[in-house]
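Student: I'd like to go through the salt bridges and the nonpolar core here. Can we take them one by one?

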Amino acid sequence: NKDAFGNASVIFTYWLTLKGACKTAWAEKPPERETLLKNSGGMRILYGYSGSGRASQFHNLSFEGGEATGAAQSNDGGAIVFGSASAGGFAKNCVFRNCSAGRYGGGTSCLTAYDCLYSNCTASVWGGGAYGQATNDSSGHNTNFFENCTFVGCSAASGGAVYGSDLRWVTGCMFTNNTAKSGNGGAVYVDTGVQVVSNSTFACNKSTGSGVGGFYCSSPSGTFTDCAFNSNTNSPSAAKGAHICRGRDVRNCTFTGYGDVLAQNLENCTFNGCVFTYDDTGRGLLTHDSSTDSGIVRNCLFANCTACRLCTTTNGKQCEFDNCTFADNALLQGASSTCGYLFYAFRDTNLPSTNYISNCVFANNDGGVDTPAVRQCDVTCYGTGTSVPVPAANLFSNCAYEKGIYKDTGAKNEVNCRKGGMKFAKDDPELAGRYPDYMPKRGSAAHRLGAWASWMAGAKDLAGTDMPAAATVDAGCYQCTLPAKGMSLLVW
């Protein structure tokens, strides 16, 4: 059949259910067991015409080589497209392989997916693998989501794997080697907002243009929980946030390899082995700026990272760091005088930026390589701007450091590193524990150094242990301190 734009495809004007015979998961299914819907003549495969196709279902199928070309909706969804965002159809245990679209959704458009694979699909504009709108089922519930899906090798101008408007959730998914060719979101681009991103992996996604390589939100939104980010990259001149750009709340996530984070609130996260050497005064491995608002970072570990700046706060924002551990980080001195700092506070148009750092531990950090005699220290601070009304600053309380503090007053003679409440624990090998978990022993100077705060009620440390309901707590991201080396516990 041919659709209204002259493209040949299977057109359905009411609900449709198609099921492949083999229910084996796609990752374990041999090629000879596939139910294959293949196009080799420049055509889309399935088209839910106009507003039809509500609640259509597709199970255990493989779609290969679908192409959507033409005008308007005829340009979307190389394998499957619905002509209305309210269709509410879904695919389960399906494969979309080598499909393409001239506009949106190389594999699918306006379709929810469970347990599916999108492989090497492309779109000229948005959503190389899939394009999703704010869809609602017959009960008015948002059904725009992806669950337990894999996106690999997909590309588009923006949203290399997925472009979504008002995504409900992305859970249990894997995004690998996807590309945004000119815009944002090598893995995912979300316009309007996203509700929940959980238990998902983002690895080796990139932007080859001027955009962001990982998960991009057009405005601060979303809760990211139990996700892993590894080596997501931007072009050298790209915007901030190669891993996450404009996330609202990030919890229990891990970050490794190349890439940076632009997010508001982080809790129980690990930055281990991260690399971010891009030299820009407004960026760090973790950045708070005008697009994220002020934020809170709690019970997080920063270890074995290499960066020009680790934590950057700009545009008059304030960031609170509570019970975090900073260990074995290398802070590089680059072309800019503002490289080589653990905490960097920047003043913009007389708006002071401030980092409030409490109950934190600093051990074996290298503050720079340009002047080793001075910069071999744990805490390096920088701020810039005029002193009216208040200079940009980094304020510490109930913290411990092992090697020393270096403060750079900068060209305008700002006071940037106020170290009141800092305890010097010289040559304390147990201050922050050691690789790989950095859990200190009970003999550490961090033990009972911190002060209790109301946010700790019901909270857990990085290991999942309840925070104490007491006047004093351990500094750093762990409360479950172990016995000191050489001690033994005998229980009768």
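Student: Which residue does glutamate 34 form a salt bridge with?

Tutor: Before that, a word on the model: this is a predicted one, where local features need pLDDT of at least 70, side-chain atom pairs count only at pLDDT 80 or more, and totals for chains, interfaces and linings use all residues. Residues are numbered from 1 along each chain as its sequence is written, and side-chain values use heavy atoms, with hydrogens and water left out. A salt bridge here is a side-chain nitrogen of Lys or Arg within 4 Å of a carboxyl oxygen of Asp or Glu. For glutamate 34 the closest N and O atoms are 2.9 Å apart, and the partner is arginine 97.

Student: How many residues apart in sequence are the parts that this pair ties together?

Tutor: Glutamate 34 sits in the loop between strand E2 (17-19) and strand E3 (36-38), while arginine 97 is in strand E10 (residues 95-97). Strands are DSSP runs of at least two residues, numbered from the N terminus. So the pair ties together parts whose separation in sequence is 63 residues.

Student: Is glutamate 64, which also forms a salt bridge with arginine 97, buried or exposed?

Tutor: The closest N and O atoms of that pair are 2.8 Å apart. The cut-offs are under 20% relative accessible area for buried, over 50% for exposed, and partly exposed in between (1.4 Å probe, protein chains only). Glutamate 34, at 23%, counts as partly exposed. With a relative accessible area of 17%, glutamate 64 is buried.

Student: Which residues are linked with Glu34 in a network of salt bridges?

Tutor: We've already met Arg97 as a partner of Glu34 and of Glu64. The network also takes in a lysine, and the full set linked with Glu34 is Lys38, Glu64 and Arg97.

Student: What is the relative accessibility of aspartate 322?

Tutor: Aspartate 322 forms a salt bridge with arginine 298, with the closest N and O atoms 2.9 Å apart. Arginine 298 counts as buried at 18% relative accessibility. Aspartate 322 is buried too, and its value is 3%.

Student: Which residues touch the most other members of the largest nonpolar core?

Tutor: A nonpolar core is a set of buried Ala, Val, Leu, Ile, Met, Phe, Trp, Tyr and Cys residues joined through side-chain atoms within 4.5 Å. This one has 78 residues, and those that touch the most other members are Phe96, Phe326 and Phe362.

Terms used
Helices (H or I, at least four residues) and strands (E, at least two) are DSSP runs, numbered from the N terminus.
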